[in-house]
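Trainee: I have a protein model open and I'd like to learn how to read it. Could you walk me through a few features?

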Amino acid sequence: MGFNEVRKDYLLDRWVVIATERGRRPSDFAGKVREKAKTGVCPMCPGNEHMTPPAVLVYLKHGKVIRKTTDKDDTRHKNWAIRVIPNLFPAFSPPKDKTSQRKIAKRPEMISAVGHHEVLVESPNHDEHPADARLPQLEYVVDAYVDRLRELTAKPYVEYVSIFRNHGLEAGASLSHAHSQIIATPFIPKTVEDELKASKRYWKHNKKCVFCEIIRKEREGPRLVLGNSKFVVIAPYASANPMEFWIMPKKHEATLLDMPKGNVEAFAETLRTCLGRLKRLVNDPPYNYGFHLAIDKDARSYYHWHLEVYPRLAIWAGFEKSTGIYINTIAPEAAAESLRRTISS
Ligand SMILES: [Zn+2]
Ligand SMILES: [Zn+2]
Ligand SMILES: [Zn+2]
């Protein structure tokens with residue numbers, strides 16, 4: 001019997017044991033009964049807008065045209081297509097007044113959690129998740145990500161904006177209405193910082209973007225999930241999660257703000273296709289996804305935005321938690337093959 005492979009991430013100093021000796025197949029994960037969030041009055045459903053704080057962004061649909069607006073103190077817009085609302089229990093909250101914007105309390109071991117924490121309601125339809133959303137609706141979601149990213153990155157105290165999605169109770173979505181979250185922080189999170197540093201180093205030595213190189217290599221190989229004219233989807237070499245995949249723009253772009261308007265539809269379609277296949281292949285598994293992007297203009301040349309999708313099919317227990325080494329029982333090559341073969345609908 002051969003040894004399992006211990007693989008290093010493309011950029012991070014993170015190691016994963018690809019434990020294929022256990023002989024698990026992607027379909028082995030399909031039989032699990034998914035826990036559902038409690039049903040009750042949904043604060044995100046149309047008609048319940050008064051249950052939330054005023055929206056910081058509302059998309060109102062007039063025929064084919066979208067009008068963008070905000071709620072005022074005690075008024076709430078109805079008949080919306082997208083709503084972005086402040087989180088009721090924010091992890092990061094905005095400064096109280098203008099003068100405190102630049103004076104963020106800071107000690108070597110403490111920073112005030114100044115920032116923003118928002119919930120993006122993706123559709124008036126409770127169950128319109130990206131795996132089977134209407135394409136134009138999913139384009140609004142992506143447009144709204146970009147709108148919030150633009151507004152939040154412009155704030156002097158914001159150093160990073162994390163756009164992410166939790167799907168399913170086991171992945172942390174306590175409300176089942178289709179939604180994403182946005183957290184703006186006064187520092188760059190460690191994982192992104194590590195990717196930035198490593199890709200900067202690669203750029204200095206090779207005068208090339210490391211992500212462009214990853215795309216060039218992986219699109220010919222066994223870890224390619226799909227490629228179209230604008231995006232490439234791969235199961236990364238050292239996937240920490242079973243069935244993990246990343247969506248990357250083919251053209252070099254450092255942040256979602258660099259994405260040409262014309263690529264929004266292609267991105268929404270790529271996202272829907274991949275999540276649709278994952279849903280059919282593994283019976284609507286819980287998952288998390290998050291964008292990695294560069295806010296700093298200096299990173300334009302060497303950083304390349306991407307979306308990382310982490311299905312929640314394994315439980316990280318004692319070994320993972322105490323060592324930071326992950327055990328993945330599905331080789332990314334097998335994950336890519338299954339995702340390639342599955343027809344999304
Ligand atoms: Zn709802
Ligand atoms: Zn690149
Ligand atoms: Zn990344």
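Mentor: Sure, let's begin with metal sites. Donors are N, O and S atoms within 2.8 Å of the metal (3.2 Å for Na, K and Ca), and water is not among the atoms, so sites may look incomplete. Four donors count as tetrahedral if all angles lie between 85 and 135 degrees. Two housekeeping points: this is a predicted model, where local features need pLDDT of at least 70 and side-chain atom pairs count only at pLDDT 80 or more, while totals for chains, interfaces and linings use all residues. Residues are numbered from 1 along each chain as its sequence is written, chains are lettered from A and ligands numbered from 1 in the order in which they are written, and side-chain values use heavy atoms, with hydrogens and water left out.

Trainee: Which residues coordinate the zinc ion (ligand 1)?

Mentor: In general, ideal angles at a metal are 109.5 degrees for four tetrahedral donors. Here C42 (SG), C45 (SG), H126 (ND1) and H177 (ND1) coordinate the zinc ion (ligand 1) at 2.0 to 2.3 Å. The angles among the four donor atoms are 106 to 116 degrees, and the site is tetrahedral. Along the sequence, the donor spacing reads C-x2-C-x80-H-x50-H.

Trainee: Are C42 and C45 buried or exposed?

Mentor: Buried means under 20% relative accessible area, exposed over 50%, and partly exposed in between (1.4 Å probe, protein chains only). Both C42 and C45 are buried.

Trainee: And what are the protein donors of the zinc ion (ligand 2)?

Mentor: They are C209 (SG), C212 (SG), H252 (ND1) and H304 (ND1), lying 2.0 to 2.3 Å from the ion. Angles of 105 to 114 degrees make this arrangement tetrahedral. The spacing for ligand 2 is C-x2-C-x39-H-x51-H. H252 and H304 link distant parts of the chain, 52 residues apart: H252 sits in the loop between β13 (245-249) and α4 (264-282), and H304 in the loop between β14 (287-292) and β15 (306-311). H252 is partly exposed at 28% relative accessible area, whereas H304 is buried at 0%.

Trainee: Those labels like β13 and α4, how do I read them?

Mentor: Helices (H or I, at least four residues) and strands (E, at least two) are DSSP runs, numbered from the N terminus. Strands of a sheet pair through backbone hydrogen bonds, either parallel or antiparallel. Two strands pair if DSSP finds at least two bridges between them. In this model, three strands form an open sheet with mixed pairing, in the order β1-β2-β16. Its edge strands are β1 (5-8) and β16 (326-328), each pairing on one side only. β1 and β2 (residues 15-18) pair in the antiparallel sense over four bridges, and K8 stands opposite W15 in β2.

Trainee: How many salt bridges does the structure hold?

Mentor: Side chains of opposite charge can pair when their charged atoms come close. A salt bridge is a side-chain nitrogen of Lys or Arg within 4 Å of a carboxyl oxygen of Asp or Glu. The structure holds 21 of them. One of these joins R7 and E333, with the closest N and O atoms 3.0 Å apart. R7 lies in strand β1 and E333 in helix α6 (residues 332-341), so the pair ties together parts 326 residues apart in sequence. R7 is buried, at 7% relative accessible area.

Trainee: Which residues are linked with R7 in a network of salt bridges?

Mentor: The network links R7 with E5, E218, R223 and E333.

How values were computed:
Four donors count as tetrahedral if all angles lie between 85 and 135 degrees; four count as square planar and six as octahedral if opposite donors are over 155 degrees apart and all others between 65 and 115; anything else is irregular.
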